[in-house]
Structures are given as structure tokens and as C-alpha cells.
Amino acid sequence: MKTRKIGIFNNKGGVAKTTSVINLAYSLQKNGKKVLVVDCDTQENCFSFFLTSTVPNAILPTEYENISHTTWERYSEIEESETDNYDYILFDMPPAMSDEVKSIIRHCHKIYVPTILGEFEIAGLKKVTDEINRQGVKLGGVFVTMYQKANDEELIGEFRRILQDRLLQTVIPYSKTVRESLKNGMPIEAYFRDRAVPPSPTAWKIVHAYEDLANEVMRGE
Ligand SMILES: Nc1ncnc2c1ncn2[C@@H]1O[C@H](COP(=O)(O)OP(=O)(O)O)[C@@H](O)[C@H]1O
Ligand SMILES: [Mg+2]
């Protein structure tokens with residue numbers, strides 16, 4: 001398979017870009033895919049938790065055999081021959097619309113846009129999808145994160161009407177276990193399994209939702 005370069009982008013912070021990259025990487029690897037995660041937001045992020053090595057190589061292993069990690073800075077210096085054995089390269093992007101962000105967008109084959117549901121999100125999403133379009137890159141789709149049925153059921157209908165088939169089927173529910181697993185530096189499923197933390201029903205819903213997202217991403221190729 002040809003390497004697919006996928007950006008997870010929204011110029012808004014706190015919409016679960018980083019969470020989605022980590023858990024999508026984990027779900028793709030469960031499907032036998034080899035994944036490279038590129039941290040483009042080193043000021044904010046925390047991919048350090050993935051790392052098992054402090055050697056300043058360009059590409060670093062993680063504790064998951066088929067997930068490797070690097071930063072955008074290092075990635076920019078790597079030859080393509082070093083990355084073309086990956087099935088997927090996932091770019092965790094910063095919440096900005098700078099020239100550098102635009103160049104990362106152009107580097108990707110497809111961009112997926114996580115969003116929370118809110119009255120004011122639609123206008124922002126239009127800007128984001130227009131910019132992706134302007135850069136000549138395909139929108140993989142928008143997906144809803146931190147969904148809480150009690151508050152969000154009405155809004156999601158409105159999002160579907162407006163975004164139509166640009167809105168993915170996958171909806172990532174809210175669960176406070178996400179924060180716990182991130183704090184421990186782990187994909188949600190690995191957190192439960194490796195730490196033997198008893199998963200709550202909402203936690204399983206998230207694990208399944210990220211499996212669904214991986215399936216939609218793989219189907220989209
Ligand atoms: N499905 C979810 N349920 C509950 N909290 C979540 C969920 N996804 C992300 N979060 C929390 O929301 C915050 C922002 O997530 P993060 O992935 O860092 O967003 P971004 O990278 O877009 O800034 C984090 O504290 C994270 O733990
Ligand atoms: Mg982030």
C-alpha cells in the first residue's frame with residue numbers, strides 16, 4: 001500500500017485533535033497498519049509520553065511496535081525513503097492557520113477535522129474546510145468529538161443538515177476516562193488493558209468509536 005498522509009486539523013484548540021491522533025494511530029495499528037505520528041504542535045503536546053527512547057534520532061519508537069513518532073521539525077529533514085514503509089503518517093496539527101500550518105496541509109493527502117458541537121462552530125468549520133480546499137487538498141471529513149447526548153442531540157442534526165456527507169458517521173462520545181488515559185500518556189484501550197483499569201461503559205464506547213473512525217479513514221483511501 002502507498003503511504004497515506006493524513007492531517008488532523010482544526011484551527012481551534014481543545015477539540016480533541018491530539019486525542020484523536022493517538023487513538024486513531026492505535027486503532028490503525030490494531031488493523032495491522034504501520035503508523036508514524038508526526039507531532040506538529042510541540043509546544044502544546046505531549047507526545048513525549050509515547051517515547052521510549054531519548055536518542056535524538058529522527059524517528060523514534062513508541063511502546064507500540066507499529067507506531068513510531070517524530071516531530072514536524074525532524075520529519076522535514078527526513079528523506080522520503082525513510083517514511084515510505086509506513087501505511088499511514090498522521091499529522092497532529094497546531095490550532096493555527098499560519099503559513100507553516102498551510103504547508104503541512106499541502107503536504108497531506110487528506111485532512112480530517114474534529115469538532116465539538118456548538119452554536120458557533122459551523123462558521124468556523126466553513127473557514128477551515130474552505131482553507132483546506134484553497135490549499136488544493138481533499139477533506140476526508142468532519143467528525144464530532146466529546147458528544148454528550150443530553151446537550152448535543154439537536155445540534156448534531158443541524159450539523160448533518162449543513163455538512164451533509166462531509167460529516168463522518170463516526171461520533172466520538174464524551175468520557176472523563178479520556179483525560180485519565182491521556183494524563184497517563186496512553187491510548188484509551190491500552191490504558192485499560194495495560195494498567196488493568198476497569199473500563200466504564202462510556203470508555204468502551206470511545207474505544208469502539210475510534211475503531212469506527214479508523215474504518216472510515218481506511219475506507220476513504
Ligand atoms: N472524548 C472525550 N471525552 C472527554 N474529554 C476529552 C475527549 N477527547 C478529548 N478530551 C479532552 O479534551 C481536552 C482537549 O483535547 P486535545 O486532544 O488536547 O485537543 P486539541 O489537540 O484539539 O487541543 C483534553 O483535556 C482531553 O483529555
Ligand atoms: Mg493538540
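**Close-up views of a predicted model**

**View 1. The shell around ligand 1.** Here 17 residues surround ligand 1, and the closest are Ala-16, Lys-17, Thr-18, Thr-19 and Val-178; a residue is near a molecule if its C-beta atom, placed from the backbone, lies within 6 Å of it. The elements giving two or more residues to this shell are α1 (17–30), β7 (138–147) and α6 (177–183). Helices (H or I, at least four residues) and strands (E, at least two) are DSSP runs, numbered from the N terminus. By class, the shell has nine nonpolar, six polar and two charged residues. Asp, Glu, Lys and Arg count as charged, Ala, Val, Leu, Ile, Met, Phe, Trp, Tyr, Cys and Pro as nonpolar, and the others, Gly among them, as polar.

This is a predicted model, in which local features need pLDDT of at least 70 and side-chain atom pairs count only at pLDDT 80 or more, while totals for chains, interfaces and linings use all residues. Residues are numbered from 1 along each chain as its sequence is written, and chains are lettered from A and ligands numbered from 1 in the order in which they are written.

**View 2. Helices α7 and α8.** The axes of α7 (residues 188–195) and α8 (residues 201–219) cross at roughly 125° and come within 9 Å. The two helices are therefore oblique to each other (not under 35 degrees, over 145 or from 65 to 115).

**View 3. Helix α5.** Look for Leu-155, the centre of a kink of about 30° in α5 (residues 149–163). Just after α5 comes Gln-164, with a positive phi near 50°.

Notes: Axes fitted to C-alpha atoms, helices over the stretch in contact; angles between N-to-C directions. Bend = angle between axes of the 7 residues up to and from the residue.
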